[in-house]
Amino acid sequence: MNTVVFAETNDEGKFRKNAAESVSYAKRIAEMAGGRVTAVSFGASDPGDLSRYGADQITNLSGEAGTRFSPELWAQVLSEVAQGEIYILPHSNDGAAMAPFLALKCDAALVTQAIDYPTAVSPLRVKRQAFSGKGMMEVAVQRERVVLTLVQNSVGQTEWDCQSGVTEKSVHWGSPKVVVKSRALAKGKVDLKEADVVVSAGRGLKGPENWGMIETLAELLNAAVACSKPVSDLGWRPHSEHVGQTGKTIAPNLYIAIGISGAIQHLAGVSGSKNILVINSDPDAPFFQAADYGVVGDLFKVVPQLIAKLKAYRTQNA
């Protein structure tokens with residue numbers, strides 16, 4: 001049973017964190033079912049970077065198809081340069097856009113938002129998010145081929161002792177029907193979708209002028225900054241930082257929620273987090289029911305103390 005992975009890169013051609021996670025996820029499937037793992041990248045600057053995550057073969061595509069993202073065209077290219085029974089894509093903007101086209105072209109079943117390793121591979125059984133992240137379900141695929149999108153940070157990365165062959169291939173295709181343009185909204189900052197730690201805040205901060213301590217805390221933790229929907233609606237923070245049902249869905253190792261009540265719409269976007277720390281002055285805030293750790297207190301006192309402790313720790317361990 002051969003597995004094909006779409007290895008996503010950023011605008012500089014470097015592999016995103018989800019590429020390593022997707023490849024190591026595919027390797028686990030190959031260990032369960034036998035077969036090989038082929039990673040396909042579009043315009044990667046150093047395709048060999050993926051070798052330690054379990055790819056048996058890495059195919060790096062260049063040419064017109066790799067310069068501008070078009071979900072239908074890239075799905076067509078992927079389906080024709082690598083054949084497998086299982087296709088793994090990250091559940092990122094690009095991966096989620098490509099997956100339906102790829103399933104159609106491969107006559108395959110489509111499973112989105114997988115959050116764990118399969119419990120079986122013949123037929124494929126895997127747990128996925130449902131109802132906008134508010135629930136989970138296990139699905140069994142009754143087709144010979146399957147396209148699966150993997151929620152980022154859901155299983156992490158695993159390094160394997162694997163020797164990879166790297167093939168550079170130039171691809172020439174016609175003009176795509178749709179081209180997706182992108183622009184970086186937060187250059188130089190930790191990517192919210194890929195961050196291991198996310199520091200998020202809500203209306204409890206009382207205004208945008210108080211956001212400095214949130215950014216300081218995030219910097220000390222090498223974390224991404226996020227916010228609740230009301231905060232972005234008020235214009236305190238950009239919409240690119242909004243997490244929740246109508247914003248970005250994330251699954252960091254640690255999610256720190258500061259001054260956020262924890263409405264179900266917000267929880268839908270962060271429920272995949274490995275650990276949730278809530279800081280809120282209201283002991284009855286709904287978020288505490290979903291938290292792994294909770295601090296009941298005035299955030300304007302708790303957060304500065306936390307920052308001071310982290311700075312002291314850094315100084316002592318420098």
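Which residues touch the most other members in the largest nonpolar core? I shall take that question as the opening of this presentation. The structure under discussion is a predicted model. Of the 32 residues that form the largest nonpolar core, the ones touching the most other members are Tyr 25, Leu 50, Ile 88 and Leu 148. Several elements give two or more residues to this core, namely strands E1, E2, E4, E5, E7 and E9 together with helix H1. Helix H1 gives the most, with seven residues. There is also a second, separate core of 23 residues, which includes Phe 42, Ala 82, Leu 89 and Val 147.

Let me stay with Leu 148 for a moment. Once its neighbours within four places in sequence are set aside, Leu 148 is in contact with Tyr 25, Tyr 87, Ile 88, Leu 89, Val 111, Ala 114, Leu 124 and Val 126. Tyr 25 and Ile 88 in that list were also named for the largest core, while Leu 89 was named for the second.

I turn now to the chain as a whole. The protein chain contains eight helices and 15 strands. Its C-alpha atoms fill a box of roughly 55 × 40 × 35 Å along the principal axes. The radius of gyration is 21 Å, which agrees with the value near 20 Å for a compact globule of 318 residues. Buried residues account for 49% of the 318. Among contacts with a separation of 6 or more, 64% are between residues 24 or more positions apart. The accessible surface comes to about 15,100 Å², and carbon and sulfur atoms hold 48% of it.

Next, two elements with extensive cover. Strand E2, residues 37–42, has six of its six residues buried. On one side the buried residues are Val 37, Ala 39 and Ser 41, and on the other they are Thr 38, Val 40 and Phe 42. Strand E1 pairs with E2 in the parallel sense over five bridges, and Ala 7 stands opposite Ser 41.

Helix H2, residues 71–81, is likewise mostly covered, with eight of its eleven residues buried. These are Pro 71, Leu 73, Trp 74, Ala 75, Val 77, Leu 78, Ser 79 and Val 81. An α-helix has 3.6 residues a turn, so residues three or four places apart point the same way. What covers the buried residues of H2 includes strands E1, E2, E3, E4 and E10, as well as helix H3.

How are the strands ordered in the open sheet of five? The order is E12-E11-E13-E14-E15, with parallel pairing. Strands E12 and E15 stand at the edges with a single partner strand each, so one side of each has no neighbour in the sheet. On average, neighbouring strands of this sheet are turned by 15° against each other, direction ignored. Strand E11, residues 197–201, pairs with E12 over four bridges in the parallel sense. Within that pairing, Ser 200 has Ala 226 of E12 as its bridge partner.

Helix H4, residues 212–220, contains Glu 215. Is Glu 215 buried, partly exposed or exposed? Its relative accessibility is 34%, so Glu 215 counts as partly exposed. Neighbours within four places in sequence aside, Glu 215 is in contact with Lys 189, Val 225 and Arg 237. Glu 215 and Phe 300 are 85 residues apart in sequence, and their C-alpha atoms are 14 Å apart in space.

Finally, some remarks on the backbone. Most residues other than glycine have a negative phi, and most peptide bonds are trans. Against that background, three places deserve attention. The peptide bond from Ser 122 to Pro 123 is cis, with omega near 0°, and Pro 123 sits in the loop between strands E6 and E7. Gln 113, in strand E5, has a positive phi, near 60°. Lys 206, in the loop between E11 and H4, also has a positive phi, about 75°.

Which of the two opposite words, buried or exposed, applies to Gln 113, and which to Lys 206? Gln 113 is buried, because its relative accessible area of 17% falls under the 20% limit. Lys 206 is exposed, because its relative accessible area of 63% is over 50%.

Notes:
Residues are numbered from 1 along each chain as its sequence is written. This is a predicted model: local features need pLDDT of at least 70, side-chain atom pairs count only at pLDDT 80 or more; totals for chains, interfaces and linings use all residues. Side-chain values use heavy atoms; hydrogens and water are left out. Buried means under 20% relative accessible area, exposed over 50%, partly exposed in between (1.4 Å probe, protein chains only). Contact means heavy atoms within 4.5 Å. Two strands pair if DSSP finds at least two bridges between them. Axes are lines fitted to C-alpha atoms, for helices over the stretch in contact, and angles run from 0 to 180 degrees between N-to-C directions. The radius of gyration is taken over C-alpha atoms; the globule rule is 2.2 Å times the number of residues to the power 0.38. Accessible areas come from the Shrake-Rupley method with a 1.4 Å probe; for residues, only the protein chains shown count as cover. A nonpolar core is a set of buried Ala, Val, Leu, Ile, Met, Phe, Trp, Tyr and Cys residues joined through side-chain atoms within 4.5 Å.
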